[in-house]
Amino acid sequence: MSLRDDITSHRGRVEAVGEGGRFEVRLDNGLHISSGVDKAMRRWQVAIVAGDRVTVEFPEGSPDRARIVFRHLQA
């Protein structure tokens with residue numbers, strides 16, 4: 001849950017790992033975005049690889065500013 005009202009969160013799957021810490025993510029609603037990693041995930045060195053399920057947050061109308069905030073456990 002975000003403290004800001006204009007931030008939306010969506011779930012998706014990482015399709016590719018790019019250069020400079022960018023990830024190509026396909027959201028469950030079909031949107032394909034490029035995303036970075038949140039500061040807290042970087043601080044705790046959470047590893048993200050292609051195929052991982054993730055939660056992505058971005059301001060409404062600006063998917064170019066997306067960041068991965070959570071990596072879901074694979075069951």
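Biologist: What share of the 75 residues in the chain is buried?

Modeller: In this predicted model, buried residues come to 31% of the 75.

Biologist: And how much area does the chain expose?

Modeller: About 5,200 Å². Carbon and sulfur atoms supply 50% of that area.

Biologist: OK, what about the fold: how many helices and strands are there?

Modeller: You'll find one helix and five strands. Along the sequence they come in the pattern β-β-β-α-β-β. The radius of gyration is 11 Å, close to the 11 Å from the globule rule for 75 residues, so the chain is as compact as a globular protein of that length.

Biologist: How big a box do the C-alpha atoms fill?

Modeller: Roughly 30 × 30 × 30 Å, taken along the principal axes.

Biologist: Nice. In what order do the strands of the barrel run?

Modeller: The order is β1-β2-β3-β5-β4, and the five strands make a closed barrel with mixed pairing. From one strand to the next, the twist averages 55 degrees.

Biologist: You said mixed, so let's look at β5. Does β3 run parallel or antiparallel to β5?

Modeller: Parallel: β3 and β5, which spans residues 67-71, are joined by two bridges. In one pairing, G36 has R67 of β5 as its bridge partner.

Biologist: And β4 with β5, parallel or antiparallel?

Modeller: That pair is antiparallel, with four bridges between β5 and β4, residues 53-59. Have a look at V54, which stands opposite R71 in β5.

Biologist: What holds paired strands together in general?

Modeller: Strands of a sheet pair through backbone hydrogen bonds, in either a parallel or an antiparallel sense.

Biologist: Switching to S35, where is it?

Modeller: S35 lies in strand β3, which covers residues 32-37.

Biologist: Is S35 buried or exposed, and why?

Modeller: S35 counts as buried because its relative accessibility is 0%, and the cut-off for buried is under 20%.

Biologist: What does the side chain of S35 reach?

Modeller: The S35 side chain reaches the backbone nitrogen of I68, at 3.3 Å.

Biologist: Which residues does S35 touch, leaving out those up to four places away in sequence?

Modeller: S35 touches G21, R22, F23 and V25, along with V56, A66, R67 and I68. So I68 turns up both in that list and as the partner of the S35 side chain.

Biologist: Last one: what share of the contacts between residues at least 6 apart joins residues at least 24 apart?

Modeller: For the chain, that share is 49%.

Methods. Residues numbered from 1 in each chain as written. Predicted model: local features only at pLDDT ≥ 70, side-chain atom pairs only at ≥ 80, totals over all residues. Heavy atoms only, no water. Buried < 20%, exposed > 50% of the residue type's maximum accessible area, 1.4 Å probe, protein only. Polar contact = N/O pair within 3.5 Å; in protein donor to acceptor, adjacent residues only side chain to side chain. Contact = heavy atoms within 4.5 Å. Pairing = 2+ DSSP bridges. Axes fitted to C-alpha atoms, helices over the stretch in contact; angles between N-to-C directions. Rg over C-alpha atoms; globule rule 2.2 N^0.38 Å. Areas by Shrake-Rupley, 256 points an atom, 1.4 Å probe, with all protein chains shown as cover.
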